[in-house]
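Here's a quick walk through a fold and the charged pairs that sit on it. Have a look at the structure first, then read on.

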Amino acid sequence: MIEAELKARVYSSEAVMRQLDERAEARVEVYRDTYYDRPGGSLEKADQELRVRTVHGADGTRTVLTFKDATVDERSGSKPEHETRVEDAEAVHAILRGLGHVEVIAFEKRCRNYDFEAHGRQMLATLVRVPEIDGTFLEVETIVDEDDVTAALGDVRAVLSELGIGPEDLTRETYTGAVAAQRGRG
């Protein structure tokens, strides 16, 4: 499955949040993301990502292991995504290190997640603040088969437009890159 996703900078976060609050109830969560690679950086060179995400929310804490394969849509950066929930966060970190992976970067994301249906699709909209990066971001995504990515991205663009987000607000900037640059490593 492909995560058909677009990300935008939000300049009126209160207005966007009010509109999203009308569509669905927000799940406020804090993500602790840790990205891994092989010592030579071969995952990054192949446009792949390996992440352990621990999510802290009102319903408790959960950890998810995610592998994202190379981009299938250059304009949006949409990627095939494979993930599974893990029972023990420390164990999965130890397993990845034991397999020779090294931690590349870890950071926190503060998120307001909204699940809703739009244009006949299940959508997830997430307002994101990363304490180390200026600004607020909005991610809108839907999970689709590879042959449906183009149409799905059109529907995602329509949702963004309904929220007052235009094409000029879209960004392919990654949180990992922005955090690394802020820390002086990028």
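A word on terms before we start: a residue counts as buried under 20% relative accessible area, as exposed over 50%, and as partly exposed in between. Keep in mind, too, that this is a predicted model.

## The barrel

Which order do the strands follow around the barrel? Going round, you get β1-β5-β4-β3-β2-β6-β7-β8, eight strands in a closed barrel with antiparallel pairing. On average, and ignoring direction, neighbouring strands of this sheet are turned by 35 degrees against each other.

Take β6 and β7 as an example of the pairing. Strand β6 covers residues 102–118 and β7 covers 121–129; the two run antiparallel and are joined by nine bridges. One of the residues to look at here is Ala 118, whose bridge partner in β7 is Arg 121.

## Helices against the strands

Helix α3 (residues 89–98) packs on the sheet, where it touches β2 (27–37), β3 (49–57), β4 (60–68) and β5 (79–86). Its direction makes about 165 degrees with that of β3.

Helix α5 (residues 175–182) lies across β1 (2–10), β2, β6, β7 and β8 (136–144). Relative to β6, helix α5 runs at about 135 degrees.

## Charged pairs between strands

How many salt bridges turn up in the whole structure? The search finds 17. Among them is Arg 27 with Asp 115, whose closest N and O atoms are 2.3 Å apart. Since Arg 27 belongs to β2 and Asp 115 to β6, the pair ties together parts that are 88 residues apart in sequence. Arg 27 is partly exposed at 28% relative accessible area, and Asp 115 is partly exposed too, at 41%.

Glu 29 and Arg 62 also meet in a salt bridge, at 3.2 Å from N to O. Here Glu 29 sits in β2 and Arg 62 in β4, so this pair ties together parts that are 33 residues apart in sequence. Is each partner buried or partly exposed? Glu 29 is buried, with just 6% relative accessibility, while Arg 62, at 26%, is partly exposed.

## A buried pair and a network

Lys 68 and Glu 81 form another salt bridge, 3.7 Å from N to O. This one links β4, which holds Lys 68, to β5, which holds Glu 81, across 13 residues of sequence. Lys 68 is buried at 11% relative accessibility, and Glu 81 is buried at 15%.

Finally, back to the earlier residues: Arg 27, Glu 29, Arg 62 and Asp 115 are joined into one network by salt bridges that share partners.

Conventions. Residues are numbered from 1 along each chain as its sequence is written. This is a predicted model: local features need pLDDT of at least 70, side-chain atom pairs count only at pLDDT 80 or more; totals for chains, interfaces and linings use all residues. Side-chain values use heavy atoms; hydrogens and water are left out. Two strands pair if DSSP finds at least two bridges between them. Helices (H or I, at least four residues) and strands (E, at least two) are DSSP runs, numbered from the N terminus. Axes are lines fitted to C-alpha atoms, for helices over the stretch in contact, and angles run from 0 to 180 degrees between N-to-C directions. Contact means heavy atoms within 4.5 Å. A salt bridge is a side-chain nitrogen of Lys or Arg within 4 Å of a carboxyl oxygen of Asp or Glu. Buried means under 20% relative accessible area, exposed over 50%, partly exposed in between (1.4 Å probe, protein chains only).
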